[in-house]
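Hi,

Here's the structure I said I'd pass along. Have a look at it first, and then read on for what turned up when I went through it.

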Amino acid sequence: MKYKTNGCNAVNANSMKEAAEIFAYRFARRTYGKNADVRTLNQNCYSVNGKTAEYNAFIGITKANETTGNNIHFVIETV
């Protein structure tokens, strides 16, 4: 199935959760470079028909077992 979010090209993924992981890593790498990490990824809410969901993630850089970064929020839609 194909999924989209603002600021990224659409992706083919097996589930919305998988698409959320892909988008979170894209946002992380765009912000922090190739060594960026995604720590927590949660689904906040979703539409009744299951075609839209809101996610949040903590993205950043890990150094010496400590990740510094910020939280992001994004909405995924089925294309």
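**Strands and sheet**

Let's start with β1 and β2, which run antiparallel and are joined by 3 bridges. One thing to keep in mind before going further: this is a predicted model. The two strands make a hairpin with 2 residues between them, and Gly7, which sits in that turn, has a positive phi of about 90°. β1 also has a partner in β5: that pairing is antiparallel too, over 2 bridges.

If you zoom in on Tyr3, you'll find Val11 of β2 standing opposite, and Thr78 of β5 stands opposite Tyr3 as well. Next along the chain, Lys4 has Glu77 in β5 as its bridge partner.

β1 covers residues 2-5, and its two faces are worth a look: Tyr3 and Thr5 are on the covered face, while Lys2 and Lys4 are on the uncovered one. That fits a general pattern, since side chains in a regular strand alternate between the two faces of the sheet.

Put the strands together and you get an open sheet of 5 strands in the order β2-β1-β5-β4-β3, with antiparallel pairing. Which strands stand at the edges? They are β2 and β3; each has a single partner strand, so one side of each has no neighbour in the sheet. On average, neighbouring strands of the sheet are turned by 30° against each other, ignoring direction.

**The core**

The largest nonpolar core has 21 residues, and the ones that touch the most other members are Tyr3, Phe23, Leu41, Tyr55, Ala57, Phe74 and Ile76. At least two residues of this core come from each of β2 (8-12), α1 (16-32), β3 (36-46), β4 (52-63) and β5 (66-78). Which element gives the most? That's α1, with 7 residues. As a general point, nonpolar side chains in soluble globular proteins tend to be buried together.

Ala57 is a good one to click on. Setting aside residues up to four places away in sequence, Ala57 touches Ala24, Val38, Thr40, Leu41, Asn70, Asn71 and Ile72.

**Asp37**

Asp37 is in strand β3. Its side chain makes a polar contact of 2.5 Å with the side chain of Thr62, so you may want to pull that pair up on screen. Leaving out neighbours within four places in sequence, the residues in contact with Asp37 are Tyr25, Ala28, Phe58, Ile59, Gly60, Ile61 and Thr62.

**Loops**

Two residues in the loop between β4 and β5 have a positive phi without being glycine. One is Ala64, located in that loop, with a phi of about 50°. The other is Asn65, also in the loop between β4 and β5, where phi is near 65°. Are they buried or exposed? Ala64 is exposed, at a relative accessible area of 78%, and Asn65 counts as exposed too, at 80% relative accessibility.

Over in the loop between α1 and β3 there's Asn35. This residue counts as exposed, at 56% relative accessibility. The C-alpha atoms of Asn35 and Ala13 are separated by 23 Å, with the two residues 22 apart along the chain.

**Cysteines**

How many disulfides does a search of the whole structure find? The count is 0. Cys8 is in no disulfide, and the nearest cysteine sulfur, that of Cys45, is 19 Å away. Cys45 is likewise in no disulfide; for Cys45 the nearest cysteine sulfur is that of Cys8, 19 Å away. A disulfide here would need the two sulfur atoms within 2.5 Å, so at 19 Å this pair does not qualify. As for their surroundings, Cys8 is buried, with a relative accessible area of 13%, whereas Cys45 is partly exposed, at 41%.

That's what I have for now.

Cheers

Conventions:
Residues numbered from 1 in each chain as written. Predicted model: local features only at pLDDT ≥ 70, side-chain atom pairs only at ≥ 80, totals over all residues. Heavy atoms only, no water. Core = buried A, V, L, I, M, F, W, Y, C linked by side-chain atoms within 4.5 Å. Buried < 20%, exposed > 50% of the residue type's maximum accessible area, 1.4 Å probe, protein only. Helix = DSSP H or I, 4+ residues; strand = E, 2+ residues; numbered from the N terminus. Contact = heavy atoms within 4.5 Å. Polar contact = N/O pair within 3.5 Å; in protein donor to acceptor, adjacent residues only side chain to side chain. Pairing = 2+ DSSP bridges. Axes fitted to C-alpha atoms, helices over the stretch in contact; angles between N-to-C directions.
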